[in-house]
Amino acid sequence: MEHVTEIDKKKYIDDSKEIVRTTIALENIVLTDHELTILTEEIMDTSLMMGGDYSTENIRNIAVQYVRSNFLPRFKAVHKE
């Protein structure tokens with residue numbers, strides 16, 4: 001069985017949100033604070049599942065991959081408010 005290290009997101013969420021916000025803003029994507037929080041937590045979880053951590057480089061790289069994969073329609077459909 002695979003093991004994923006659990007790291008407390010609370011300590012890293014604000015910095016990670018800013019990284020995600022600035023990364024997606026380069027493509028003129030703007031989300032509400034609530035949507036940004038959800039997206040950031042998803043990216044943080046993805047980083048851990050890939051064996052990474054919450055470093056600036058990891059969060060930025062995954063956010064770039066989300067943008068390149070045209071994540072927004074899927075994200076909006078899944079996270080309707």
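## A walk through the helices, starting at a loop

Asn-28 sits in the loop that links helix 1 to helix 2. This is a predicted model, so take what follows as a reading of computed coordinates. Asn-28 isn't a glycine, yet its phi is positive, at about 60 degrees. Why is that worth a second look? Most residues other than glycine have a negative phi. As for its surroundings, Asn-28 counts as exposed, with 71% relative accessibility.

There's another residue like this further along. Asn-70 lies in the loop between helix 3 and helix 4, and its phi, near 55 degrees, is positive too, again in a residue other than glycine. Asn-70 also counts as exposed, at 55% relative accessibility.

Now step from the loops to the helices. Helix 1 (residues 13–25) packs against helix 3 (residues 56–68) at an angle of about 40 degrees, and their axes are 9 Å apart. The crossing is right-handed. On the helix 1 side, the contact uses Ser-16, Ile-19, Val-20, Thr-23 and Ile-24, while helix 3 brings Thr-56, Ile-59, Arg-60, Ala-63, Val-64 and Val-67. Sort those residues by character and you get seven nonpolar, three polar and one charged.

Some of these names come back in the largest nonpolar core. It has 19 residues, and the ones touching the most other members are Val-20, Ile-24, Leu-31, Leu-39, Ile-43, Ile-59 and Phe-71. Helices 1, 2, 3 and 4 (the last being 71–78) each supply at least two residues of this core. In soluble globular proteins, nonpolar side chains tend to be buried together. Val-20 is a handy one to click on: leaving out residues up to four places away in sequence, it touches Leu-36, Leu-39, Thr-40, Ile-43, Ile-59 and Ala-63.

What about Thr-40, one of those partners of Val-20? Thr-40 belongs to helix 2 (residues 33–49) and is buried, because its relative accessible area of 1% falls under the 20% cut-off. A polar atom of the Thr-40 side chain lies 2.7 Å from the backbone oxygen of Leu-36. Beyond its neighbours within four places in sequence, Thr-40 is in contact with Ile-13, Ser-16, Lys-17 and Val-20.

Lys-17 makes a good last stop. Is this helix 1 residue buried or exposed? Lys-17 is buried, with a relative accessible area of 13%. Setting aside neighbours within four places in sequence, Lys-17 is in contact with Asp-33, Leu-36, Thr-37 and Thr-40.

How values were computed:
Residues are numbered from 1 along each chain as its sequence is written. This is a predicted model: local features need pLDDT of at least 70, side-chain atom pairs count only at pLDDT 80 or more; totals for chains, interfaces and linings use all residues. Side-chain values use heavy atoms; hydrogens and water are left out. Axes are lines fitted to C-alpha atoms, for helices over the stretch in contact, and angles run from 0 to 180 degrees between N-to-C directions. Helices (H or I, at least four residues) and strands (E, at least two) are DSSP runs, numbered from the N terminus. A crossing is left-handed if the near helix is turned anticlockwise from the far one by less than a right angle, and right-handed if clockwise. Contact means heavy atoms within 4.5 Å. Ala, Val, Leu, Ile, Met, Phe, Trp, Tyr, Cys and Pro count as nonpolar, Asp, Glu, Lys and Arg as charged, and the others, Gly among them, as polar. Buried means under 20% relative accessible area, exposed over 50%, partly exposed in between (1.4 Å probe, protein chains only). A polar contact is a pair of N or O atoms within 3.5 Å; within protein, one must be able to donate a hydrogen and the other to accept it, and residues adjacent in sequence count only if both atoms are side-chain atoms. A nonpolar core is a set of buried Ala, Val, Leu, Ile, Met, Phe, Trp, Tyr and Cys residues joined through side-chain atoms within 4.5 Å.
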